[in-house]
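Colleague: I'm still learning to read these models, so could you walk me through one part of this one slowly? Here is what I'm looking at.

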Amino acid sequence: MMPSIHQSKIKTNKNLTILSIESSCDDTACALVQSDGTVFAEQIYSQKEHIEFGGVVPEIAARAHLSHLSTLVKKTITQAQINWSEIDAIAATCGPGLIGGVIVGSSFAKGLALAQNLPFIGINHIEAHALTVRIPNISSVQVQFPYLLFLTSGGHCQCIHVTNIGEYQRLGGTIDDAAGEAFDKVAKMLGLSWPGGPALEALAKEGDENAFSLPRPLYGRPGCDFSFSGLKTAVANLLTGYENTDTLPRQLAADIAASFQKAITTAIINRLENAIKMVPDTTLLATAGGVAANQYLRKRLLALAEQYKLPFIAPPMKYCTDNAVMIGWAAIEILHQASNTNKLIDDISLLPRPRWPLSEMSERFKH
Ligand code: KG4
Ligand code: ZN
């Protein structure tokens, strides 16, 4: 007999326990998270299948999610030593992201929800990044609204004013490449292996950041959009004649890496300074995404925040990059907010979405 699905409202006055799944790019992840911020278990498989291709191959990513997910979920439950009866809901990324992976993860999670007669909560991946800094004990301060988030990864580069659960004002975003994409492409031109960001940062330490004057796209213009393709082209022009990276002298490569890192960071800081001025009520500056691992960028973000007397929060690296804890945490925030508005949330019929604007996220709390 088919189970009757989720007719009873979740009691959100209690400490919820959520099983969550993330599969929107090249990380397959599962976690068990509780409302007080306790992470009972977390598992992640960062797909190695793409290394030989020098970038994420969507079809391969979807297949890899499919092969690893079931084992990861089992490991998560075993690690947490938890019974299904103690779990209140299942959450999974429903978008935005690579659609194959999102279909795999969300369908798997819906299957579990149906089998265990639990509610399914579909999570917007960007919303989850935006709420991560609010996980209790993740940072030195308990983050309150409103705050400014700079999200910077291989696929995303945007600045969001987070004013409440479900209420996000996108102040600006990239008009071409994401910052991580620019790091990866420049790293490739310098003969570094993928993903290039960490390798480029390491090489830049050996170089002179003032060796080359590179463009800082959109610097000094109003607004908080970003653009990195011109900078990437300028680096390509510097490397004319060195298409075979084996012939590239290491010192030259290091000088270019350092000059690129300085230029991209300077451009980013200029755009974020505009963002801070756009939302004078903001209480802090936060960052997330893989590029937020870059120590040079972090230092400049901290200096910018200090200049405007704002605290600066960067979650631990494993919660800056893609992970399932942030998906479970977003579900917890949504369920508690839903109980405040007497709304019953069940997203079992929500379809996976390659694009899913944050502006739509307030709709779930409307009657
Ligand atoms: O958030 P993430 O793990 O995955 C998504 O793209 O969603 O971010 C990966 C991106 C890659 O482009 C990688 O090169 C970049 O983050 N990245 C860095 C650093 N570590 C990772 N970029 C610059 N400096 C780093 N230290
Ligand atoms: Zn992400």
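How many bridges join β4 to strand β5, and do they run parallel or antiparallel?

Modeller: Keep in mind that this is a predicted model. Between β4 and strand β5 (residues 120-124) there are 5 bridges, and the two strands run parallel. To find one spot where they line up, look for Gly-95, which stands opposite Asn-124 in β5.

Now turn to another partner of β4. Strand β1 (residues 17-22) also pairs with β4, in the parallel sense, and 4 bridges connect them. Pick out Ser-20 here: its bridge partner in β4 is Ala-91. So that you can place β4 itself, the strand covers residues 89-95, and 7 of its 7 residues are buried, so the rest of the structure largely encloses it. As a rule, side chains in a regular strand alternate between the two faces of the sheet.

While you have the model open, have a look at a pair of helices too. The axes of helix α7 (residues 250-278) and helix α8 (residues 295-307) come within 10 Å of each other and cross at roughly 30 degrees. That angle is under 35 degrees, so α7 counts as roughly parallel to α8. The crossing of α7 past α8 is right-handed. Where do they touch? On the α7 side, the residues include Ile-268, Ile-269 and Leu-272, while the α8 side includes Leu-297, Leu-301 and Leu-304. Sorted by type, the residues of this contact come out as 8 nonpolar, 4 polar and 3 charged. Among the charged ones you'll find Lys-262 and Glu-273 in α7 and Arg-300 in α8.

Note on methods
Residues are numbered from 1 along each chain as its sequence is written. Chains are lettered from A and ligands numbered from 1 in the order in which they are written. This is a predicted model: local features need pLDDT of at least 70, side-chain atom pairs count only at pLDDT 80 or more; totals for chains, interfaces and linings use all residues. Side-chain values use heavy atoms; hydrogens and water are left out. Axes are lines fitted to C-alpha atoms, for helices over the stretch in contact, and angles run from 0 to 180 degrees between N-to-C directions. Angles under 35 degrees count as roughly parallel, over 145 as roughly antiparallel, 65 to 115 as roughly perpendicular and the rest as oblique. A crossing is left-handed if the near helix is turned anticlockwise from the far one by less than a right angle, and right-handed if clockwise. Contact means heavy atoms within 4.5 Å. Buried means under 20% relative accessible area, exposed over 50%, partly exposed in between (1.4 Å probe, protein chains only). Two strands pair if DSSP finds at least two bridges between them.
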